[in-house]
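Work through the exercises below with the structure open beside the text. Try each task before reading its solution.

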Amino acid sequence: MATFSKTTFDTLSYASSRPTYPRSLYNYIFDFHRDRDRCSSQCLKTGVNANARWERAVDLGCGTGQATFELTPFIHVIGVDPSENMILSAREAMKKRQLQVDGASDACSQPPLQNRRRTIEFVQSPAESLDFIADESVDLIIAAQSCHWFDWSRVWPQFARILRKGGTAATWVYSEFRFPAHPHLTTQILHYSESHDTTSSIGRYWQQPGRSVLSRHLLDVPEPSSILTTTTGTRNVFEPLDRVYFTGPYFPELPSSQTLPVLMRKTMTWSDILAYLETWSALHTFREVHPEDAKNPEGPVEVRFWNSLRRGAAMGASGSGHLHAGTGDVSEQSGTGSQKCEMVEPDAEVDVEWGVAMILARKKYDIEGKS
């Protein structure tokens, strides 16, 4: 993604202000990797798929390494990102973490690593070019909040090449945030993130088509068979994709049979919300195109939006001005004279949720020959 590669993009702020993924998300992926094709008595007895391997994992579009560091069941982990700045930040984060490399493992998710030394490395490269990874050497590939930028006509052949038989690929994105205590603010959120009104929105400045792939919950990511038959002449390399939506009630248009409760949530201050808004790539582009917006007497576009949300939270769905439980003090005001309007304090806390769309793929053990 071009914006993240620019030297002007603040990777440190990005790393500190973005939401993190809960352990339950990773465990869902590890369970998928572990539990498929339980066919032997050993699998049924131990609850571990004897065919599943935990040797090597790859995190594509790893950014600052947030998800890379969570791949604890695997002995060797590689984080890959096209941005030099992101890779440098990830390596710095690894130093600060003072990682334990003595083979520590999550016994609930995988077999013990038998004291084998764990390694983590970071490599600058796009997901479409993984020549530095050997054929059939990877057990798990993940892509967290990055796969909507991929050229899948080139990425699926890479997955087919580097994954071992029985290997897993898990890719996911999260959509626009929601305030469960303030559902009436959703309209404002969608206007700011999707509208092309450049006086109050940054929607025009998302890089496409990646943004629309995210907004459509990865429904536009093609089945691998449609790509591989043409590019490699190999049929049925992967099982049919599993598409899962941890979106709760937020997107009723998604298949109900594949929709699960929201699992990505965080309690933030309103100041944290502003810091998060400032990491959006579309805002970075908006500022480049509209430098004059910084001189707006009501603040730049992200601050105007943030203040609008704080006013809406203070007023409530009815516009009565009464606080909902848990919104904190309301003493700040904006405007002049009779138009003064209360806003929730910046240090007040609010619960935030994000819907997650995930695609899970497994490489078959028995692959049909070329057509």
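**Exercise 1: A residue in a loop**

Leu218 is located in the loop that connects α8 and α9. The structure is a predicted model.

Task: Find the sign of phi for Leu218, and decide whether Leu218 is buried or exposed.

Solution.
Step 1. Phi of Leu218 is about 70 degrees, which is positive, although Leu218 is not a glycine.
Step 2. The relative accessible area of Leu218 is 0%. Buried means under 20%, so Leu218 is buried.

**Exercise 2: A second loop residue**

Task: Say where Gln145 is placed, give its phi, and classify it as buried or exposed.

Solution.
Step 1. Gln145 sits in the loop between β4 (138-144) and α6.
Step 2. Its phi is near 55 degrees, again a positive value in a residue other than glycine.
Step 3. Gln145 has 11% relative accessibility. The cut-off for buried is under 20%, and therefore Gln145 counts as buried.

**Exercise 3: A strand residue and its contacts**

Task: For Val138, name the strand, the class of burial and the contacts beyond four places in sequence.

Solution.
Step 1. Val138 belongs to strand β4.
Step 2. With 0% relative accessibility, Val138 counts as buried.
Step 3. Setting aside neighbours within four places in sequence, the contacts of Val138 are Arg56, Ala57, Val58, Ile133, Ile162, Leu163 and Arg164.
Step 4. For a distance, take Glu55: its C-alpha lies 7.4 Å from that of Val138, while the two residues are 83 residues apart in sequence.

**Exercise 4: A proline between a strand and a helix**

Task: Locate Pro180, state how exposed it is, and list what it touches.

Solution.
Step 1. The loop between β5 and α7 holds Pro180.
Step 2. Relative accessibility is 37% for Pro180. Buried is under 20% and exposed is over 50%, so Pro180 counts as partly exposed.
Step 3. Not counting residues up to four places away in sequence, Pro180 touches Tyr250, Asp351, Val352 and Glu353.
Step 4. Pro180 and Glu353 are separated by 173 residues in sequence, yet their C-alpha atoms are 7.0 Å apart.

**Exercise 5: A peptide bond**

Task: What kind of peptide bond joins Gln208 and Pro209?

Solution.
Step 1. Omega for this bond is about 5 degrees.
Step 2. The bond between Gln208 and Pro209 is cis.
Step 3. Pro209 is part of the loop between α7 and α8 (210-215).

**Exercise 6: Two helix pairs**

Task: How are the axes of α7 and α12 arranged, and how are those of α6 and α9 arranged?

Solution.
Step 1. Helix α7 (residues 186-194) and helix α12 (residues 301-315) have axes that come within 10 Å and cross at roughly 170 degrees. Angles over 145 count as roughly antiparallel, so α7 is roughly antiparallel to α12.
Step 2. In this contact, Gln188, Ile189 and Tyr192 of α7 meet Val301, Glu302, Phe305, Ser308 and Leu309 of α12. Sorted by class, these are five nonpolar, two polar and one charged residues.
Step 3. The axes of α6 and helix α9 (residues 224-231) come within 9 Å and cross at roughly 85 degrees. The range 65 to 115 counts as roughly perpendicular, so α6 is roughly perpendicular to α9.
Step 4. Here α6 supplies Trp152, Ser153, Trp156, Pro157 and Ala160, and α9 supplies Pro224, Ile227, Leu228 and Thr231. The classes are seven nonpolar, two polar and no charged residues.

**Exercise 7: A cavity**

Task: Which residues line the second largest cavity, and which classes do they fall into?

Solution.
Step 1. Two cavities of 30 Å³ or more are found in the whole structure, and the second largest holds about 30 Å³ of space.
Step 2. Its lining consists of Trp152, Trp156, Phe159, Ala169, Ala170, Thr171, Ile359, Leu360 and Ala361.
Step 3. The elements giving two or more residues to this lining are α6 (152-162), β5 (163-178) and β11 (349-362).
Step 4. The lining has eight nonpolar, one polar and no charged residues.

**Exercise 8: The whole chain**

Task: How many helices and strands does the protein have, and what share of its residues is buried?

Solution.
Step 1. There are twelve helices and eleven strands.
Step 2. Of the 371 residues, 52% are buried.
Step 3. Among contacts with a separation of 6 or more, 72% join residues 24 or more positions apart.

Notes
Residues numbered from 1 in each chain as written. Predicted model: local features only at pLDDT ≥ 70, side-chain atom pairs only at ≥ 80, totals over all residues. Heavy atoms only, no water. 1 Å grid on protein atoms, 1.4 Å probe; cavity = no way out; pocket = protein on both sides within 12 Å on 5 of 7 lines; lining within 4 Å. Points joined across faces, edges and corners; volume = space filled by probe spheres on them. Helix = DSSP H or I, 4+ residues; strand = E, 2+ residues; numbered from the N terminus. Nonpolar A, V, L, I, M, F, W, Y, C, P; charged D, E, K, R; others polar. Axes fitted to C-alpha atoms, helices over the stretch in contact; angles between N-to-C directions. Parallel < 35°, antiparallel > 145°, perpendicular 65-115°, else oblique. Contact = heavy atoms within 4.5 Å. Buried < 20%, exposed > 50% of the residue type's maximum accessible area, 1.4 Å probe, protein only.
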